[in-house]
Amino acid sequence: MSVIASDAVIKKEAGFEPLIVAFCCNWCSYAGADLAGTSRLNYPANIKIIRVPCSCRVNANFVLRAFQRGADGVIIAGCHPGDCHYMTGNYYTRRRMSLLKNLLEFIGIEEARFKIDWISASEGNKFAEVMNDVLAKVHQLGPNRKLRDSRWRR
Amino acid sequence: MQRVGVFICWCGTNISSTVNIEQVVAALENIPGVVYIKDYQYMCSEIGQNLVKDAIKEQNINRVVVASCSPRMHEATFRKAAAAAGLNPYLVEIANIREHCSWVHKDKEAATQKAISLTRAAVAKAILNEQLIPGEVGVEKRALVIGGGIAGIQTALDIAEAGYQVDLVEKTPSIGGKMAQLDKTFPTLDCSACILTPKMVDLALNSKINLYSYSEVTEVNGFVGNFEVTINQKARSIEMEKCTGCGICLAKCPAKKALSEFEEGLAKRAAIYTPFPQAVPNVPVIDRETCIKFVTGKCGLCAKLCPTGAIDYEQKDQIVNQKYGVIIVATGYDLINLDRFGEYQYLDHPDIITGLEFERLVNAAGPTGGKLVRPSDQKQPKKVVFIQCVGSRDKSERGKAYCSKICCMYTAKHAMLLRDKYPDCEAYVFYIDVRTAGKGFEEFQRRAVENYGVNYIKGMVGKIFPGDNQLQVNGVDALSGELLQLEADLVVLAAATQAKPEADEVARMLSISIDRDRFFTEAHPKLRPVETHCAGIYLAGACQGPKDIPETVAQASAAATKAIGVLSKNKLVNNPCVAKVEQAVCSGCLACIKICPYEAITEQVIEEKTRGKVRLRRVAEVNETLCQGCGGCTVACRPGAIDLKGFSNQQILAEVDAICR
Amino acid sequence: MNYSYYPGCTLKTKAQGLEACAFKSAQVLGVNLVEQEEWQCCGAVYPLAADEIGTKLASVRSLVAARTKGEKLVTLCAACHQVIKRVNHDMKTKEDMREKVNNYLQLKEDYQGESEVIHYLELLRDEVGFESLAKKVKVSLAGRKVAAYYGCLLLRPREIMDFDDPERPTILEKFLESLGASPVNYPYRTECCGGYLSIEREEVVEKMVNKIIDSALQQGAEEIVTACPLCKYNLENSSLCQKGEIVVSYFTELLAESLQVKEG
Amino acid sequence: MLREKITPDTTKKEIGQISEISDEKILDCLQCGKCTAGCPAIHGMDIMPHQVIRLLQLGQVDKLLASTTIWGCAACFTCLSRCPRKVDLSKIMEALRLIVLRTKGNQRLEIDKVPELLAKQIPQQAIVSGFRKYVK
């Protein structure tokens with residue numbers, strides 16, 4: 001139900017269509033997104049997924065680049081702590097990205113724009129929920145202007 | 001110059017009903033590098049694959065992008081097709097426009113735009129794809145089976161039959177598992193022990209199979225073909241080689257107070273015991289918590305009586321280290337704890353029992369010699385009430401949301417056995433739905449109703465009120481709307497099945513995933529039902545979800561086949577998407593070494609000529625056979641010297657740019 | 001130790017015995033119950049409708065007063081306990097209601113369910129401890145076969161009340177044991193007495209309570225204790241009770257008796 | 001026996017009201033009957049508790065509004081505490097009662113009756129409950 005509801009909210013405020021880049025680890029979150037697909041759980045099309053082998057493959061540069069090139073929100077999704085396919089990868093993600101979160105906060109990027117979450121291959125529901133949730137929050141915040149490269153027009 | 005061919009799949013109407021294919025084609029035409037675009041109804045079909053192959057040959061394309069379903073579904077298919085046409089398979093990229101697009105979006109315009117964006121990202125990545133050549137590793141030709149129930153036994157026998165060595169690790173003193181406890185099996189009513197024990201003996205006698213009973217796997221490292229496993233053989237306090245299984249010790253042991261695990265607590269056992277007479281191995285074990293010798297230091301009767309001197313009170317746990325090519329997990333299931341179902345009085349009244357306890361009570365080898373009597377007064381019951389779905393299909397905190405699958409059938413079996421043996425005893429079954437999907441199952445259950453006169457009542461029991469001599473069962477017949485009150489002598493609860501409590505630990509040890517009910521997750525719910533996401537680790541039996549015996553055995557054989565597939569190879573192809581070090585850029589800080597969970601990165605000293613002088617410099621080096629390609633090191637590398645093949649920094653940035661355009 | 005005490009309507013009228021005994025016993029046990037200054041009636045039944053907020057405000061006011069004093073809020077009547085505990089749970093978990101209530105009450109600091117609500121029995125179990133209670137018993141109730149009657153409101157819903165296992169509770173039995181009495185286990189001890197149905201449907205209540213008393217009698221009970229004034233009324237109104245088959249009293253009456261503070 | 005016509009919008013308004021007031025999910029119910037089997041106040045009801053939900057699933061609110069069941073529920077929460085689907089039937093009963101009570105002229109307890117009740121030594125708690133449950 002919440003899925004449909006948030007879809008409606010977003011349509012009401014026409015004009016701003018946020019762009020959200022989601023980095024998903026191949027083993028859990030990407031599979032979770034696949035499951036959301038096979039279960040036909042709706043979430044808005046504003047979310048675009050990039051597949052990485054493990055969430056620890058995500059470099060802070062990738063996140064910054066996304067913001068720079070006009071993304072309004074970035075999500076990093078990995079296996080639940082303790083469940084990493086590569087044993088410890090998501091622990092690195094957790095530490096690295098909490099540092100990046102601090103940096104982003106310092107330079108004035110709203111907290112809700114950058115989300116790190118753990119979504120397992122069986123959590124298609126959670127995948128759709130997290131995507132909807134981030135999108136709803138980013139939508140409230142409006143476009144990301146802070147880090148955007150002005151030469152880069154979307 | 002990169003020449004990209006883009007292949008867009010309609011997936012019947014799965015994609016094309018939401019994504020406007022024409023629009024996608026039109027949008028892609030303008031992308032530099034794209035020289036060929038083709039759309040087709042089923043790209044994964046032979047015709048579709050031929051479209052890819054032909055284009056590689058005729059259009060001279062050297063990068064392939066397929067916009068279709070998830071790469072987890074058909075990446076391998078299209079890589080194979082490309083390879084068949086002479087293109088390095090790692091030059092293929094997939095854009096997931098089904099699971100991540102057409103299936104989750106309703107708005108056609110938005111979905112079409114997203115499909116374009118995803119395909120564009122795939123093109124951007126594909127342009128930067130490089131030819132990759134996988135390395136090879138050897139295969140340890142030995143399988144490890146964890147769990148010695150019917151699933152583990154069947155898997156081990158099948159693998160041994162194919163000629164490979166198998167080690168089977170069983171936690172309890174004997175193999176046999178839950179099936180050994182059962183009386184008869186549905187839907188044929190053949191005796192469980194009669195069909196299981198021969199298999200147990202086969203296993204014991206098979207020279208290819210090595211059994212570690214009363215043992216547990218404590219550590220697993222490595223990867224497919226080369227798992228390194230540590231097994232802890234718990235101290236049995238008996239020397240296995242010396243014991244002849246004569247049983248004198250069991251008979252004479254003075255400590256006979258412990259409840260028998262095998263008899264579900266319905267009988268007592270000695271401190272030195274074999275779980276049941278047909279146990280394999282037929283060697284007892286001393287329960288050190290109840291043994292008088294271990295508790296007080298005085299006794300030692302068994303050691304005095306043992307004709308071969310097999311008793312060893314000083315025995316210690318032994319650690320075994322062994323290498324395996326594959327691992328099969330067959331750890332089974334448990335029944336839920338009924339503590340929180342107070343309305344059924346299970347903990348408070350002896351005549352309210354679980355289905356598994358009923359199996360023991362009607363088993364000829366059970367504590368009553370197969371005579372069904374009430375545990376409270378040893379009298380034969382005249383009215384038995386069976387309650388199904390005790391904790392199954394229950395999404396409250398005390399139950400399990402899923403259907404336990406076996407209860408409908410075993411309850412029908414119980415009621416039928418009861419009516420067969422004691423025609424004067426009435427049987428009532430409370431159910432929510434009767435589920436009999438399985439060969440011969442529906443006929444079986446109907447036989448219980450039509451031929452054996454079992455009274456099926458659609459409805460549940462509110463509460464059981466124990467009376468002086470009988471149990472007052474308050475229920476309802478939901479169909480007629482009649483409130484029922486039954487004076488039962490015995491109540492049998494079909495308690496829900498659940499994953500083993502140690503499932504989390506096993507999953508962590510093996511790096512395989514578990515679902516929200518803590519059952520192990522298969523790689524694909526339909527197409528890869530016995531594989532896990534971890535290559536070389538397979539699942540058999542109820543550890544993956546509730547299953548009956550036929551299903552368990554089928555899955556066990558399937559898992560064995562998958563395992564044999566690996567064991568039969570001399571070399572395994574590695575994933576070529578591994579890390580590589582640009583040594584010219586590497587500063588030799590070696591931060592990457594600490595990150596790597598596989599110890600795949602080592603220090604290397606290289607010779608370098610600068611201004612005519614030869615200097616030695618420390619750099620990192622990646623062992624490609626050990627590297628699993630997580631990419632964690634690439635982020636840790638300060639100078640940016642390490643990159644991940646197949647997921648390079650440039651490639652991911654190109655994807656980001658393409659999406660954010 | 002100081003506790004805020006919420007009495008409720010019935011304890012000031014029909015159920016004065018329940019309160020008086022609780023107070024006298026508390027003194028002996030070193031527990032200082034301080035009655036809240038401006039308590040309002042909780043409404044006796046928890047409003048089950050999601051769209052009702054006004055009827056929950058009285059409870060919130062008491063909860064806020066307890067927060068101000070930094071004390072746990074102790075209840076004695078099972079109905080009040082259910083109402084206040086559930087309203088507190090709502091304030092903790094239901095964002096929508098929390099917002100509306102706080103908007104209306106205009107407190108200095110928003111109330112978010114910070115107070116802890118405990119029943120007098122929980123106070124005895126968790127704060128005093130049944131073991132130390134047993135040590136303070138002056139007149140043991142040894143030999144008295146007492147059936148504990150729980151009723152509904154303390155036990156259910158399990159997740160919110162968090163009082164005891166709703167199907168196999170033990171707190172009253174342990175309480176009775178600590179006074180030296182022999183608790184009688186009977187299966188109807190958690191079945192409903194009919195509650196407020198006695199207003200319009202006495203015949204239904206009559207059947208319900210008779211089953212309870214009958215079950216207690218069968219197990220050899222000589223008296224029944226309860227924590228709820230309405231349970232006591234319904235039980236006493238039953239034909240079995242009217243015939244004098246059994247007596248019903250409040251648990252605090254037995255407590256005061258064994259601590260020798262009941263009279264005077 | 002009369003054949004009931006089931007049309008999607010017959011009693012839509014009430015069903016919507018019931019979900020809103022109760023905040024419970026009617027479709028979660030599997031019709032196992034556990035609520036009915038354990039209901040201690042069942043003998044004062046003409047429609048069984050599990051049938052209440054079934055009728056709601058079929059959209060037949062009118063029968064329920066006229067039933068004695070909704071006034072026979074003592075809100076003891078026995079059904080909720082055992083329900084395998086976590087449906088709080090007491091909230092649904094409350095919603096049904098409220099639909100009746102919130103309509104003018106449907107009050108079930110008059111102030112004049114209070115002295116009579118007090119004379120019976122009924123505790124105040126019950127009278128207050130009565131005003132909450134039978135009057136709006």
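Modeller: Two strands are said to pair if DSSP finds at least two bridges between them. The strands themselves (E, at least two residues) and the helices (H or I, at least four residues) are DSSP runs, numbered from the N terminus. This is a predicted model, in which local features need pLDDT of at least 70 and side-chain atom pairs count only at pLDDT 80 or more, while totals for chains, interfaces and linings use all residues. Residues are numbered from 1 along each chain as its sequence is written, chains are lettered from A and ligands numbered from 1 in the order in which they are written, and side-chain values use heavy atoms, without hydrogens and water.

Colleague: How do you know that strand 1 and strand 2 of chain A pair?

Modeller: Strand 1 (residues 20–25) and strand 2 (residues 47–52) share 6 bridges in the parallel sense. The requirement is met, and therefore the two strands pair. In one of these bridges, A:Cys25 has A:Val52 as its partner. Strand 1 also pairs with strand 3 (residues 73–78) of chain A, in the parallel sense over 5 bridges, and there A:Ile20 stands opposite A:Gly73.

Colleague: What makes strand 1 of chain A mostly covered?

Modeller: Buried means under 20% relative accessible area, exposed over 50%, and partly exposed in between (1.4 Å probe, protein chains only). In strand 1, 6 of the 6 residues are buried. A:Ile20, A:Ala22 and A:Cys24 point one way, A:Val21, A:Phe23 and A:Cys25 point the other way, and all are buried. In a regular strand the side chains alternate between the two faces of the sheet. Over chain A, buried residues make up 58% of the 154 residues.

Colleague: Why is A:Leu103 called partly exposed?

Modeller: The relative accessible area of A:Leu103 is 38%. That value lies between the two limits, so the residue is partly exposed. A:Leu103 belongs to helix 4 (residues 89–106) of chain A.

Colleague: What makes the nonpolar surface patch that includes A:Leu103?

Modeller: A:Leu103, A:Phe106 and A:Ile107 make this patch of about 320 Å². Patches consist of residues with over 30% relative accessible area and no salt bridge; like charges are joined within 9 Å and nonpolar side chains (Val, Leu, Ile, Met, Phe, Trp, Tyr) within 5 Å. A salt bridge is a side-chain nitrogen of Lys or Arg within 4 Å of a carboxyl oxygen of Asp or Glu. Areas come from the Shrake-Rupley method with a 1.4 Å probe, and for residues only the protein chains shown count as cover. At 38%, A:Leu103 passes the area limit, and therefore satisfies that part of the definition.

Colleague: Why is helix 18 of chain B described as largely enclosed?

Modeller: Of the 11 residues of helix 18 (residues 649–659), 10 are buried, so the helix is largely enclosed by the rest of the structure. Its buried residues include B:Ile652, B:Leu653 and B:Val656. Their cover includes strand 1, strand 2 and helix 3 (60–68) of chain A, together with helix 5 (108–127) and strand 34 (642–644) of chain B.

Colleague: How do you know that chain A and chain C do not touch?

Modeller: Contact means heavy atoms within 4.5 Å. The nearest C-alpha atoms of chains A and C are 16 Å apart, and the chains do not touch. Likewise, no contact joins chain A and chain D. Among the 4 pairs of chains that touch, chains A and B have the most contacts.
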